[in-house]
Amino acid sequence: MKRAGPLLALLLAACSSGTAPDNKAQPPQDLEKAAIERGLVRNPADTDIAGLYARDTDRVCIVPDAELGYRIGAFVDYGDRITCSGTGRASRVGESLHVEFGEDGSCSFDAKYDGDKIAFPGALPDGCNKYCAKRASYAGLEVTRLSESGAEAAAMRDANGKRLCGGGN
């Protein structure tokens, strides 16, 4: 039995690679990147922004436009005629969606876009107030994609029946 101890130590040493274990900390895996690679989450870089987005009574439509790049319309309805309704243009850079309502540029801001959701910032320029009635606001508006159909987006109307992305009425 006394000889088994050194023999066991010799066998263990022979199985060892002789190199010290690599204790370098591996960088943490980005969960969003891992989900995109596995197909669980849509890659924002591979998606077109055009489509119809909604949450409750809030709606956003985006359609391609040869002159503007994209036309955007947004409608918020809190009931009792407390609404916002506006149209303009949009452009995308990565996960940022630049939105400009109206012609004068007084309601211009960057929203977050993740491939399925659009989130307007919590604070918007004062120029955005002219698109809203009473206490309504676009601030903090968050909508999720309902459809990628340009026809459905173009058909979206506000409370007065105005088509916000389709042109005309």
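## A walk from R59 through the fold

R59 touches Y53, A54, G73, A74, F75 and M156, once residues up to four places away in sequence are set aside. That makes a handy starting point for a tour of this structure, which is a predicted model. R59 sits in strand β2, which covers residues 58–65. One of its contacts, G73, lies 14 residues further along the chain, and the C-alpha atoms of R59 and G73 are separated by 8.1 Å. G73 falls within β3, the strand spanning 69–77.

How exposed is R59 itself, given its relative accessibility? The value is 28%, and because buried means under 20% and exposed means over 50%, R59 counts as partly exposed. Its side chain also has a polar partner: it reaches the backbone oxygen of D56 at 2.8 Å.

D56 deserves a stop of its own. This residue lies in the loop between β1 (51–55) and β2. Its phi is near 55°, a positive value in a residue other than glycine. With a relative accessibility of 67%, D56 counts as exposed. If you like to look at backbone torsions, there is another residue to set beside it: K134 also has a positive phi of about 55° although it is not a glycine. K134 is placed in the loop between β7 and β8, and its relative accessibility of 64% makes it count as exposed.

Back on strand β2, we meet D65. Which residues does D65 contact, leaving aside neighbours within four places in sequence? They are Y70 and R71. With R71 the link is between side chains, a polar contact at 3.1 Å.

R71 takes us straight to the largest pocket, since R71 is among its lining residues. The others in the lining are L68, I72, T87, G88, R89, E100, G102, E103 and L164. The space in this pocket comes to about 160 Å³. Two elements give two or more residues to the lining, namely β3 (69–77) and β4 (83–93). Of the elements involved, β4 supplies the largest share, with 3 residues. For anyone thinking about the chemistry of the walls, the lining divides into 3 nonpolar, 3 polar and 4 charged residues.

Now for the aromatic side chains. How many aromatic pairs does a search of the whole structure find? The search gives 5. One of them joins F101 and Y131, with 6.0 Å from centre to centre and 50° between the planes. Why is this pair called tilted? Planes under 30 degrees apart count as stacked and those over 60 as edge-to-face, so the angle of 50° leaves the pair in the tilted class.

The two rings come from distant parts of the chain, 30 residues apart. F101 belongs to strand β5 (residues 96–101), while Y131 is in the loop between β7 (117–119) and β8 (142–147). Both residues are buried, though their values are not alike: F101 has a relative accessible area of 0%, and Y131 has a relative accessibility of 18%. Because the cut-off for buried is under 20%, Y131 still counts as buried. Stepping back from the pair, you can see that F101, F109, F120, Y131 and Y138 form one aromatic cluster.

F109 from that cluster leads on to P121, a residue that touches F109, D110, A111, A139 and G140 when residues up to four places away in sequence are not counted. P121 is found in the loop between β7 and β8, where Y131 also lies. The C-alpha atoms of P121 and A111 are separated by 6.0 Å, with their positions 10 residues apart along the chain. At 24% relative accessibility, P121 counts as partly exposed.

Finally, let us place these local views in the whole chain. The protein chain has 3 helices and 8 strands. Read along the sequence, they follow the pattern α-α-β-β-β-β-β-β-β-β-α. Of the 169 residues in the chain, 34% count as buried. As for long-range contacts, 48% of those between residues at least 6 apart in sequence join residues at least 24 apart.

How values were computed: Residues numbered from 1 in each chain as written. Predicted model: local features only at pLDDT ≥ 70, side-chain atom pairs only at ≥ 80, totals over all residues. Heavy atoms only, no water. Phe/Tyr/Trp six-rings, centres within 6.5 Å; stacked < 30°, edge-to-face > 60°. Helix = DSSP H or I, 4+ residues; strand = E, 2+ residues; numbered from the N terminus. Buried < 20%, exposed > 50% of the residue type's maximum accessible area, 1.4 Å probe, protein only. 1 Å grid on protein atoms, 1.4 Å probe; cavity = no way out; pocket = protein on both sides within 12 Å on 5 of 7 lines; lining within 4 Å. Points joined across faces, edges and corners; volume = space filled by probe spheres on them. Nonpolar A, V, L, I, M, F, W, Y, C, P; charged D, E, K, R; others polar. Contact = heavy atoms within 4.5 Å. Polar contact = N/O pair within 3.5 Å; in protein donor to acceptor, adjacent residues only side chain to side chain.
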